Amino acid sequence: MHGVYRFQVRVVVKPNAKAGVEVGLKALKLSSHFETGIMSIPRIFAGRNKIRFKVRDASNVDGPIRVTYRYETKAGERSHEKVLAARDFRDNEAVYEIDAPGLIRCKSLAISY
């Protein structure tokens, strides 16, 4: 992917004197959805597609990165999922192919890390 997306998340925990223990945030999961448009996501086309997934520093990848494309065909909705690990990156880029025969329209791209 090329580009920078920044998110600001605010977590508010109201005090509860009855709880007796401190509370806080132990984990956070963020899902980001992009509008399907020519300028909003890396598009895929009918047939074979080469995907180049770039990160700033692959040595900091410490868990799987799941990349899922959903798309329409005449036969119905299809999806392609690729799970990338740190070992898949060369010079901070992972390259793989998606075969999307009969693709009519790309519906979404989801990246989970």
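In this predicted model, E81 has a relative accessible area of 44% and is therefore classed as partly exposed. Its salt-bridge partner is R66, with the closest N and O atoms 2.7 Å apart. This pair links distant parts of the chain, as E81 belongs to strand β3 and R66 to strand β2, 15 residues apart. R66 likewise counts as partly exposed, at 34% relative accessibility.

**Overall architecture**

- The protein contains five strands and zero helices, and its elements run β-β-β-β-β from the N terminus on.
- Of the 113 residues in the protein, 24% are buried.
- Among contacts between residues at least 6 apart in sequence, 71% join residues at least 24 apart.
- The protein exposes about 9000 Å², and carbon and sulfur atoms supply 49% of that area.

**Salt bridges**

- Seven salt bridges are present in the structure.
- One of them joins E97 to R48, the closest N and O atoms being 2.4 Å apart; E97 is in strand β4 and R48 in strand β1, so that the pair links distant parts of the chain, 49 residues apart.
- R48 counts as exposed because its relative accessibility is 57%, over the 50% cut-off, whereas E97, at 41%, counts as partly exposed.
- Another salt bridge brings together the side chains of K107 and E77, at 3.1 Å from N to O.
- Because K107 lies in strand β5 (residues 103–112) and E77 in strand β3, this pair ties together parts that are 30 residues apart in sequence.
- K107 is partly exposed at 25% relative accessibility, and E77 is partly exposed with a relative accessible area of 42%.
- R48, E97 and D99 are joined into one network by salt bridges that share partners.

**The aromatic pair**

- A search of the whole structure finds one aromatic pair.
- The ring centres of F53 and F89 are 6.4 Å apart and the ring planes stand at 65°, so the arrangement is edge-to-face; the cut-off for that class is over 60 degrees.
- The pair links distant parts of the chain, with F53 in strand β1 and F89 in the loop between β3 (76–84) and β4 (93–100), 36 residues apart.
- Both rings belong to buried residues: F53 has 8% relative accessibility and F89 has 7%.

**Buried polar residues in strands**

- T73 is found in strand β2 (residues 65–73) and is buried, with a relative accessible area of 11%.
- The side chain of T73 reaches the backbone oxygen of G76 at 2.8 Å.
- Leaving aside neighbours within four places in sequence, T73 is in contact with R78, P101, G102, L103 and I104.
- H80 has its place in strand β3; its relative accessible area of 19% makes it buried, because the cut-off is under 20%.
- Not counting residues up to four places away in sequence, H80 touches V67, T68, Y69, Y71, Y96, E97 and I98.
- E97 thus appears both among the contacts of H80 and in the salt bridge with R48.

**Nonpolar surface**

- V9, V11, V13, L25 and L28 form a nonpolar patch on the surface, together having about 460 Å² of accessible area.
- Within this patch, L25 lies in the segment before β1 (47–54) and counts as exposed, at 53% relative accessibility.

Definitions and conventions:
Residues numbered from 1 in each chain as written. Predicted model: local features only at pLDDT ≥ 70, side-chain atom pairs only at ≥ 80, totals over all residues. Heavy atoms only, no water. Helix = DSSP H or I, 4+ residues; strand = E, 2+ residues; numbered from the N terminus. Buried < 20%, exposed > 50% of the residue type's maximum accessible area, 1.4 Å probe, protein only. Polar contact = N/O pair within 3.5 Å; in protein donor to acceptor, adjacent residues only side chain to side chain. Contact = heavy atoms within 4.5 Å. Patch = residues over 30% accessible without salt bridge, like charges linked within 9 Å, V, L, I, M, F, W, Y side chains within 5 Å. Areas by Shrake-Rupley, 256 points an atom, 1.4 Å probe, with all protein chains shown as cover. Salt bridge = Lys/Arg side-chain N within 4 Å of Asp/Glu carboxyl O. Phe/Tyr/Trp six-rings, centres within 6.5 Å; stacked < 30°, edge-to-face > 60°.
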